[in-house]
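Here are my notes for your first look. Keep the structure open beside them and check each point as you read.

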Amino acid sequence: MYQLSSDPEFAFVLETFLSLSNGGGAATGEILRAASQIRPGDFESFYSEFKFLADEIAEQAASANPQRFPVSARQAHLRAASYYRAADFFLHGNASDPRILTLWSSMLENYDTAMKLLPNPPEKVALDGGQFNIPVYFHPAPRQGHSNRTNGKDSRRPTVLIGSGYDGAQQDVYHSIGHEVLARGWNFVTYEGPGQVTVRREQNIGFIPEWWQAVTPVVEWLRARDDVDVNRIALGGISFGGQLAPLAASRENRLAAVIVMDGMLSLQAATLQKFPTELVELYKSGNATAFDAAMWEGYNQPDTLTEFKWGLDQGLWSFNTSSPFEWLNKMGQMTVTHEMLDNITCPVFVASGQDDGLAPGQPEMMARMLGDKAYYHLFKTKFGAGDHCSMGAEPQLAMATLDWLADVFENSI
């Protein structure tokens with residue numbers, strides 16, 4: 001993939017936001033201009049360029065009369081929302097930074113304004129998860145004829161529930177695959193649980209290993225609706241969501257299918273693989289004080305890679321801890337085991353990017369552990385789809401996963 005920055009981590013994140021252009025969440029020229037101005041490795045530069053861009057596009061959105069020009073207003077509000085999310089991306093090293101909340105407020109204002117301007121706006125609800133609330137957007141399937149909300153079986157539509165992962169927002173998912181789900185005549189739903197961006201900001205709760213607690217209340221809510229086919233509810237997970245979705249499905253057995261993009265068993269194992277051997281041995285020794293000191297010493301070195309700095313910043317923030325040792329321990333508690341996969345009762349689409357360097361080999365291992373329940377698909381680099389979660393090749397990802405899912409739905413009782 002062509003790199004938009006000499007800093008590999010910046011290049012990856014820029015690619016992430018550029019890929020939203022495929023679903024109306026960004027514009028290529030706007031992203032490329034920002035990329036040309038961002039100084040490699042400079043977190044404040046990344047923030048300031050995207051904040052500048054977000055403010056400008058938000059001003060354009062506000063100037064469009066939503067009654068006369070709803071399409072123009074909607075599209076600009078959606079792009080502004082994406083750029084506010086980008087501006088926030090590298091700020092989490094200081095959890096008390098007020099910009100984390102103010103940028104998010106601007107993002108939600110623009111995104112929710114855009115959603116109201118859709119021909120078929122989604123419902124936005126907060127569901128009770130017990131110890132936390134679960135933010136949900138429910139996009140109803142496009143109306144057929146006069147309405148799809150009449151009484152009877154025809155009003156109940158297949159439904160795809162998608163969650164993001166370690167740092168992505170559910171708003172991103174609308175652009176990456178949501179419009180593809182809706183184009184197939186299905187309901188499209190997004191949610192977030194503890195540790196993910198909205199719940200972490202608004203409720204101060206980090207990731208939990210009992211991920212079914214974030215999914216089962218949504219499934220219950222969907223099953224109570226008169227526009228959802230209860231036999232055709234699928235759960236999908238993107239990036240770290242490719243580990244969260246199987247975690248949830250190991251306890252939530254009312255799903256017709258699971259899609260993991262890309263399959264992941266242990267983010268902890270994948271993270272430790274990138275550490276120097278001596279640091280791994282120090283972690284395994286159980287000496288939390290020494291390990292934390294070594295991690296911070298490495299973090300503060302002038303030549304430390306952005307990948308390491310951001311990984312630690314985001315890890316501590318999303319797991320709501322100040323200790324690198326505790327962060328890794330908590331990640332380990334979320335490992336997907338063979339026993340968990342044995343408990344999944346539905347077919348699972350396991351995606352793998354040929355050049356996905358996040359957790360290499362784990363999708364293939366997951367597919368082998370699932371056995372006959374797995375459908376494995378390799379997205380290839382030579383077709384532009386081999387990066388993490390096939391970023392930039394979303395039409396290929398949607399074609400493979402959703403065509404497979406259509407067959408599953410067709411065979412569901």
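Which residue in β8 stands opposite Ala351? Point 3 has the answer.

1. This is a predicted model. UniProt, in an unreviewed entry, places the feature "domain: Xaa-Pro dipeptidyl-peptidase-like" at residues 155–359. Over residues 155–359 the chain is 47% helix and 17% strand. The end C-alpha atoms of this stretch are 41 Å apart.

2. Find the sheet. It is open and has 8 strands, with mixed pairing. The order is β1-β2-β4-β3-β5-β6-β7-β8. β1 (123–128) and β8 (374–379) stand at the edges. Each has a single partner strand, so one side of each has no neighbour in the sheet. On average, neighbouring strands of this sheet are turned by 20 degrees against each other, direction ignored.

3. Now go to the β8 edge. Strand β7 (residues 348–353) and β8 run parallel, joined by 6 bridges. The residue opposite Ala351 is His377 in β8.

4. Look at the helices on the sheet. Helix α16 (residues 362–370) lies across β6 (257–261), β7 and β8. It runs at about 160 degrees to β7. Helix α5 (residues 99–116) lies across β1 and β2 (133–139), at about 35 degrees to β2.

5. Helix α5 also packs against helix α3 (residues 43–63). Their axes are 12 Å apart, at an angle of about 30 degrees. Angles under 35 degrees count as roughly parallel, so α3 and α5 are roughly parallel to each other. Their crossing is left-handed.

6. Who meets whom here? Glu44, Tyr47, Lys51 and Ala58 in α3 meet Arg99, Leu103 and Asn110 in α5. By class, this contact has 3 nonpolar, 1 polar and 3 charged residues.

Notes: Residues are numbered from 1 along each chain as its sequence is written. This is a predicted model: local features need pLDDT of at least 70, side-chain atom pairs count only at pLDDT 80 or more; totals for chains, interfaces and linings use all residues. Side-chain values use heavy atoms; hydrogens and water are left out. UniProt positions are given in the numbering used here, feature names are shortened, and annotations may be inferred rather than shown by experiment. Helices (H or I, at least four residues) and strands (E, at least two) are DSSP runs, numbered from the N terminus. Two strands pair if DSSP finds at least two bridges between them. Axes are lines fitted to C-alpha atoms, for helices over the stretch in contact, and angles run from 0 to 180 degrees between N-to-C directions. Contact means heavy atoms within 4.5 Å. Angles under 35 degrees count as roughly parallel, over 145 as roughly antiparallel, 65 to 115 as roughly perpendicular and the rest as oblique. A crossing is left-handed if the near helix is turned anticlockwise from the far one by less than a right angle, and right-handed if clockwise. Ala, Val, Leu, Ile, Met, Phe, Trp, Tyr, Cys and Pro count as nonpolar, Asp, Glu, Lys and Arg as charged, and the others, Gly among them, as polar.
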